[in-house]
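Work through the exercises below with the sequence and the model open beside you. Try each task before reading its solution.

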Amino acid sequence: MAEISPHAIVEPTAEVADDVVIGPFCYVGPKVRINSGCRIANNVTLLGRTTLGERTEVFPMSVIGAAPQGADEDDGECVMGVDNAVREHVTIYAGANKPTLIGNHNLIMIASQIGPGAHLGDHGIFDNCTKIGAEAVIEDYVRMSGFAAVGEGVRVGAYAFVAGYAGVIGDAPPFAMLQGFPVRVRGLNTRNLKACGFSDKDIHALKAAFRELFNGRGSEVNCDALNRLAADAGANSHVQKLAGALKTALAKAGVGDVQDD
Amino acid sequence: MSKMTDLTVLREIDPAARIAPDASIGIYCVIGPDVTIGSGTKVNRRVTIVGHTRIGSNNVIEEGCVLGAFPQDLKYAGGPTMLHIGHRNLLGREVTAHIGTESGGALTRIGDDNLLMDGSHVAHDCYVDDRVYLGRSVLLAGHIRVQTGARIEDLSGVHHFVTVGRFARVGAHTPVRRDVPPFTDFQSFNHDWQSPPTVCGVHEAGIANANLPKEQERELRFALKELFVNEAALQTKIEQLVNMGVEGEAAKLCEFCLNSLQGVYGRCRELYRGQAPPESRQPPSPEAGIDIRRNKQ
């Protein structure tokens, strides 16, 4: 039987697995599903159609599945994968039109906010006070530093590092280190790539591509270099992925002279 | 406490927790088994205190604080590390402080007479000395030392292993990536990576609060002017000052700057990466706490 504090309020229709721990003063809404191994600390509020994957850890004062600000219905959906840690004072909004999706093995630190309909990948680390806008897409292995913000509907590529106080207002390429407001590409996130087991050959190829693509200030993409890299079928697969992401980003922003495939 | 609150028993205090009889605990609080709370401490509503946390006397802990939770650090192995909070601190709403990590000295310490405003965060293995002011939502990353009397304004973030010197001031919304020398005013006006925050002048209020003897103050002002009007060739200028035979605060300032230069990226505490810093072995200074009263007279 689940270990639920007598001071917690769990609605009778909520689905709670057998070995879940729920601390005092929690509220678990009627449409919430909590899978096995989850540990919910005290004063946590779970609302909407929220699903917590196996072994999710939720720390005190967090709110998961909150209705988007301004919406009056408590019916949004939020689906979380396995092994996530949601720290103190975090707010994860539930998406009304499309669900908020959070992958696996993420660490979401104190006072972060994840907007409605946002889509987080796997193995992300989001530092304190990170704000992720509505319907933003964060790919796998992204690291975000304190106070970083991602705008609405923006995509942050895999293995990217977003520095503290950065404001990502347009799509950000994968493998990049991003800093400033508006955000600029500072270079290749070599440290994260090494930690994630990229070979030296891949890292060298990406480094060369970054040097060609971005000018000294990292604020705009060299379109000639981009077209050349995208057309090179023999290029490194990671470089191809980078070029593809940049082309999509530029097409979305409606800037640059990019050839269609 | 009002009679109303006394009648409401909606709080969960572990019977093993040691709480002074005249400490007051508000409703919806959760207090863990290894917690010690000293006399006269007022814990407001919805506060969570867990872990091996020791809180001294006459503190005020406001709504929504979470103290003594696990560090947000992947190297933490789950050991019984500690959080110590001294006396007469005011912790604003939703302040968070974490216990230490085993490899970083296993102790997070907040001294006496500090003012931590709403939403500020003291991470694992931080040492916040006395009479420190942390503004709203100030984030201290791990392994930081904030020395006595320092003032960090709203929304600033401090990088791992940074030392903020005595009576220094960090301006609002500043990303602090290197050590902040004592008695200086450290600011950024532009978050572009090409113009990182720098020392922008002397923290006058800090010098006033430190109550230095006239001669020391004069020497300190001279040293600050020499070193920071232009930060180029800092090491040479420090050596010149040392050769001139500066004493007291000016000598301490030179030593601080020299240590920072010898560290990594201007952070002297980087040298303690992966080991317990000396602060974790020192007991709190005996004069801590009486300082502020002496100043007020």
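The exercises that follow deal with aromatic rings, charged side chains, salt bridges and the backbone.

The model is predicted, so that local features need pLDDT of at least 70 and side-chain atom pairs count only at pLDDT 80 or more, while totals for chains, interfaces and linings use all residues. Residues are numbered from 1 along each chain as its sequence is written, chains are lettered from A and ligands numbered from 1 in the order in which they are written, and side-chain values use heavy atoms, with hydrogens and water left out.

**Exercise 1. Explain why the pair of Phe59(A) and Phe70(B) is classed as edge-to-face, and find where the two residues lie.**

Step 1. Rings of Phe, Tyr and Trp (its six-membered ring) pair if their centres lie within 6.5 Å, and planes under 30 degrees apart count as stacked, over 60 as edge-to-face and the rest as tilted. Over all chains, the structure holds ten aromatic pairs.

Step 2. The ring centres of Phe59(A) and Phe70(B) are 6.5 Å apart and the planes stand at 70°, so this pair is edge-to-face.

Step 3. The pair crosses between chains: Phe59(A) belongs to the loop between β10 (57–58) and β11 (63–66) of chain A, and Phe70(B) to the loop between β10 (66–69) and β11 (82–85) of chain B. Strands (E, at least two residues) and helices (H or I, at least four) are DSSP runs, numbered from the N terminus.

Step 4. For accessibility, buried means under 20% relative accessible area, exposed over 50%, and partly exposed in between (1.4 Å probe, protein chains only). Phe59(A) has a value of 10% and is therefore buried, whereas Phe70(B), at 36%, is partly exposed.

Step 5. Phe59(A) also has a charged neighbour, for Arg87(A) lies over the face of its ring, 3.9 Å from the ring centre. Such a charge is counted if NZ of Lys or CZ of Arg is within 6 Å of the ring centre and within 35 degrees of the ring normal.

**Exercise 2. Which parts of chain A does the pair of Phe175(A) and Phe198(A) tie together?**

Step 1. The two rings have their centres 6.0 Å apart and their planes at 70°, so Phe175(A) and Phe198(A) are again an edge-to-face pair.

Step 2. Phe175(A) is in the loop between β26 (167–168) and β27 (176–179), and Phe198(A) is in the loop between α1 (190–195) and α2 (200–213), so the pair ties together parts of chain A that are 23 residues apart in sequence.

Step 3. Phe175(A) and Phe198(A) are both buried, and they form one aromatic cluster with Tyr141(A) and Tyr159(A).

**Exercise 3. Trace the salt bridges that Arg145(B) forms with Asp129(B) and with Glu279(B).**

Step 1. A salt bridge is a side-chain nitrogen of Lys or Arg within 4 Å of a carboxyl oxygen of Asp or Glu, and the structure holds 28 of them over all chains.

Step 2. Asp129(B) and Arg145(B) meet at 2.8 Å, N to O. This pair links distant parts of the chain, 16 residues apart, with Asp129(B) in the loop between β17 (127–128) and β18 (133–134) and Arg145(B) in strand β20 (residues 145–146) of chain B.

Step 3. In the salt bridge between Glu279(B) and Arg145(B), the closest N and O atoms are 2.8 Å apart. Glu279(B) lies in the loop between α5 and α6 of chain B and Arg145(B) in strand β20, so this pair ties together parts that are 134 residues apart in sequence.

Step 4. Both acidic partners can now be classed: Asp129(B) is buried at 16% relative accessible area, and Glu279(B) is buried at 7%.

**Exercise 4. Is Phe183(B) buried or exposed, and what is notable about its phi?**

Step 1. Phe183(B) is found in the loop between β25 (175–176) and β26 (184–187) of chain B.

Step 2. With a relative accessibility of 0%, Phe183(B) counts as buried.

Step 3. Phi of Phe183(B) is near 65°, which is a positive value in a residue other than glycine.

Step 4. Asn58(B) likewise has a positive phi, near 60°. Asn58(B) sits in the loop between β8 (52–55) and β9 (60–61) of chain B, and at 43% relative accessibility it counts as partly exposed.
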